[in-house]
Amino acid sequence: MLANALPFIAGIMADSEFPFPQSDAEDLRTKFSWFLSGASMIFSIPALILMTAHVGFAGFASENGVSLLQATFMVATIWALPANIVLIGAISGGYSLFGAAIAVALSSIRLMPMVAAFVPEMRGPKTRKFTLLFLSHFIAVTAWVIGMERLQHVPRNMRTTYFAGLGVTLTSTNTLVVAIVYYLSTDFPPIVFAALFFLTPMYFLASLWGSARDRSIHVAMISGLLLFPLIHYLAPAYDLLLTGLAGGLVTLAYVRWQQARQHP
Amino acid sequence: MTWQSITEWWWPYLFILLAGWLPTDIWRFIGVLIGGRVREDSEALIIVRAVATALVAGVIAQLILYPSGSLAESSVILRIGAAVAGFAAYLCLGQRVIVGVLVAEVILISGLSLNF
């Protein structure tokens, strides 16, 4: 679909007159088409699944007395669904500002290794740190999974542009979805919500497996899945963080073992 | 200070920024600083990527085992069964994401309608 759209967009833009020297105009045109290419991921299955999750979030916010404007403000500024749910839980539980911040910080630590792994994938030869800091706001699980899968097929110097299109569109569309669903106060039977909430883990499960470039990612994924229930039982407050670290260690052991086998 | 301790209109927004935005984006910014130091194809990147992947796998397990909202009332056996069957279908039938999602959903919805 995209391969057809790009020459079309380039064709439209070729007719308009740019007040730039030829090479700059060319560069801008390429950038714009990569931005649109990233933005068009809004029509992908994972983006649709994320929107259904936000439909559920709008209902959750309104049940807990958070206003329409407050709920949309949360989605745009925080942009991590678990952190939003934790924050609303803390608000309705009467937490202090500090207590709520700690609870949200614990749920958001996972973003640190995710962003650290994403940045080497996304940065180009001349990318400024400020650009990366700005774009990092748009990294959450869905954008991360899509990005890790797609960025390798995007030319290096166009990757930040591509991700800007993807990230900004994903965040602003979902902010809008929450506002509209909240306003219409759309109500569905519980079985619909249950089915919608189950889409997210199933999509992540399949696409995370499919986007892996080598065995080590599969090892990390399986160890994360299996270790989580045990770690949740032992240390519920730090379960995700410890699962990440333990899964990382298992994977490192696997990588070392592979190297030893290949070069005895 | 709680959500309700100041009645001015701006207080909830300041609360969201201080208790929501700041403790979330700070980790993203630290992630950028760490990621900027990691060279590609280095062992450090393999480890960082493995930690991130295991963490996302943990999020998946959490959503299946300890969900919130309407899904929380369904049986955990049903959710695990639907997820395992969906993932097996994904692996066996040509690794198509949509196949895995649909098989899991059909099993979940059938189970829920039968009050399993």
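This passage describes how the chains and domains of a predicted model meet, and the cavity found in the model.

The model is predicted, so local features need pLDDT of at least 70 and side-chain atom pairs count only at pLDDT 80 or more, whereas totals for chains, interfaces and linings use all residues. Residues are numbered from 1 along each chain as its sequence is written, chains are lettered from A and ligands numbered from 1 in the order in which they are written, and side-chain values use heavy atoms, with hydrogens and water left out.

The interface between the chains is a good place to start. Chain A brings 86 residues to the contact and chain B brings 73, where contact means heavy atoms within 4.5 Å. Together the two chains bury about 6,900 Å², with 78% of this on carbon and sulfur atoms; buried area is the accessible area (1.4 Å probe) that two parts lose on being put together, summed over both. Between chain A and chain B there are 17 residue pairs in polar contact, both residues being at pLDDT 80 or more. A polar contact is a pair of N or O atoms within 3.5 Å; within protein, one must be able to donate a hydrogen and the other to accept it, and residues adjacent in sequence count only if both atoms are side-chain atoms. The chains also share 2 salt bridges, each defined as a side-chain nitrogen of Lys or Arg within 4 Å of a carboxyl oxygen of Asp or Glu. Arg49(B) forms a salt bridge with Glu121(A), and their closest N and O atoms are 3.4 Å apart.

Arg49(B) appears again in the lining of the largest cavity. The structure holds 1 cavity of 30 Å³ or more, and the volume of the largest is about 90 Å³. On a 1 Å grid over the protein atoms alone, a cavity is a set of points where a 1.4 Å probe fits but cannot get out, and lining residues have an atom within 4 Å of a point. Grid points are joined across faces, edges and corners, and a volume is the space filled by probe spheres set on the points. Besides Arg49(B), the lining includes Thr53(B) from chain B, and Trp144(A), Met148(A) and Arg213(A) from chain A.

Within chain A, the assignment gives domain 1 (38-200) and domain 2 (212-264); such bounds come from an automatic or database domain assignment. The C-alpha centres of these two domains of chain A lie 25 Å apart, and their contact takes 6 residues from domain 1 and 5 residues from domain 2. The area buried between them is about 450 Å², of which carbon and sulfur atoms give 64%. On the domain 1 side, Leu106(A), Ile109(A) and Gln152(A) lose the most area, together 62% of what that side buries. Between these domains of chain A the count is 0 salt bridges.

Chain B is assigned domain 1 (1-37), domain 2 (42-67) and domain 3 (68-116). Domain 2 and domain 3 of chain B have C-alpha centres 21 Å apart, with 5 residues from domain 2 and 8 residues from domain 3 in contact. They bury about 450 Å² between them, 68% of it from carbon and sulfur atoms. Ile64(B), Leu65(B) and Pro67(B) lose the most area on the domain 2 side, together 97% of what that side buries. Between domain 2 and domain 3 of chain B there are 0 salt bridges, but 2 residue pairs are in polar contact.

Note on methods
On a 1 Å grid over the protein atoms alone, a cavity is a set of points where a 1.4 Å probe fits but cannot get out, and a pocket is an open set with protein on both sides within 12 Å along at least five of seven lines; lining residues have an atom within 4 Å of a point.
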